[in-house]
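This report introduces one protein chain to a reader who has not met it before. Please keep the sequence and the structure in view while reading.

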Amino acid sequence: MYLLIIIFLAIIFGSLGQLAFKSAMVGIGKVDKLLDALNPSRLYDIFTNKFILLGLFLYFISTSFYLVVLSNTDLSYAYPLVVGLSFVSVSILAMVIFGENISLLRWLGIILIIAGGYFIGRSWYDKCCNSSL
């Protein structure tokens with residue numbers, strides 16, 4: 001159960017980091033080309049933005065939790081679960097906070113990711129907690 005809480009925290013902090021990054025870029029404006037993003041003036045605007053800094057801090061916290069997870073379980077369990085469920089949470093939060101449209105096809109993908117998360121979680125539970133069966 002401890003590991004699932006740490007996984008959940010990694011997902012939450014990583015998702016919040018994504019939301020902070022999006023908030024920053026909404027304020028900074030659209031970057032059309034890679035060369036525009038590498039412009040020193042634009043780089044300064046990006047990396048001094050409080051939401052970018054907040055996003056990096058949240059990613060640092062998320063990564064710290066994720067490293068605890070990796071030290072306790074298989075990468076083949078941890079990575080798909082964290083990335084998949086992060087995608088689900090970010091998609092739903094982006095819809096609520098930024099008013100992003102989630103198409104029917106994207107909802108289908110989200111449902112499949114949730115199902116995949118269930119099967120991955122179940123495989124870990126069977127391995128760790130039902131070893132006597």
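## The nonpolar cores

The largest nonpolar core of this predicted model has 11 residues: L3, I6, I7, A10, I11, Y66, V69, Y77, A78, L81 and V82. A nonpolar core is here a set of buried Ala, Val, Leu, Ile, Met, Phe, Trp, Tyr and Cys residues joined through side-chain atoms within 4.5 Å. A residue is buried under 20% relative accessible area, exposed over 50%, and partly exposed in between, with a 1.4 Å probe and protein chains only. Helix 1, helix 4 and helix 5 each contribute at least two residues to this core, and helix 1 gives the largest share, 5 residues.

A second core, separate from that one, has 5 residues, among them F21, I28, I46 and I52.

## Basis and confidence of the model

The model is predicted, so that local features need pLDDT of at least 70 and side-chain atom pairs count only at pLDDT 80 or more, while totals for chains, interfaces and linings use all residues. Residues are numbered from 1 along each chain as its sequence is written, and side-chain values use heavy atoms, with hydrogens and water left out.

The predictor's confidence in each residue is given as pLDDT, from 0 to 100. Its mean over the chain is 89, and 92% of the residues reach 70 or more. Among the elements, helix 4 has the highest mean pLDDT, 97, and helix 2 (residues 34-37) the lowest, 74. Where pLDDT is low, the predicted coordinates should not be read in detail.

## Overall architecture

The chain contains 6 helices and 0 strands. Both kinds of element are DSSP runs numbered from the N terminus: helices are H or I with at least four residues, and strands are E with at least two. The C-alpha trace spans about 60 × 35 × 25 Å along its principal axes.

Of the 133 residues, 30% count as buried. Contact means heavy atoms within 4.5 Å. Among contacts in the chain with a separation of 6 or more, 68% join residues 24 or more positions apart.

## Helix 4 and its start

Helix 4 (50-70) follows helix 3 (40-47), and N49 lies in the loop between them. N49 is buried, at 18% relative accessible area. Beyond its neighbours within four places in sequence, N49 is in contact with A24 and I28. At the start of helix 4, a side-chain oxygen of N49 comes to within 2.7 Å of the backbone nitrogen of F51.

The 21 residues of helix 4 should span 30 Å at 1.5 Å a residue, and the end C-alpha atoms are indeed 30 Å apart. The expected span of a helix is 1.5 Å times one less than its number of residues. Within helix 4, the buried residues include I52, G55, L58, I61, S62, Y66 and V69. Their cover includes helix 1 (2-28), helix 3 and helix 5 (75-98).

## Helix 1 beside helix 4

G14 belongs to helix 1 and is buried, at 13% relative accessibility. Leaving aside neighbours within four places in sequence, G14 is in contact with Y59 and S62. The C-alpha atoms of G14 and T63 are separated by 7.8 Å, although these residues are 49 residues apart along the chain.

## Helix 5 and helix 6

Helix 5 has 24 residues and reaches 32 Å from its first C-alpha to its last, close to the expected 34 Å. Its buried residues are Y77, A78, L81, V82, G84, S86, V88, S89, S91 and A94. Just after helix 5, G99 adopts a positive phi of about 70 degrees.

In helix 6 (residues 104-129) lies F119, which is exposed at 56% relative accessible area. From C-alpha to C-alpha, F119 and L38 are 42 Å apart in space, and they are 81 residues apart in sequence.

## Charged residues

The structure holds 1 salt bridge, a term for a side-chain nitrogen of Lys or Arg within 4 Å of a carboxyl oxygen of Asp or Glu. D32 forms a salt bridge with K30, and the closest N and O atoms are 3.8 Å apart. D32 is exposed at 58% relative accessibility, and K30 is exposed at 69%.

R42, in helix 3, is buried at 16% relative accessibility. Not counting residues up to four places away in sequence, R42 touches I28, G29, K30, V31, D36 and A37.

Notes
A polar contact is a pair of N or O atoms within 3.5 Å; within protein, one must be able to donate a hydrogen and the other to accept it, and residues adjacent in sequence count only if both atoms are side-chain atoms.
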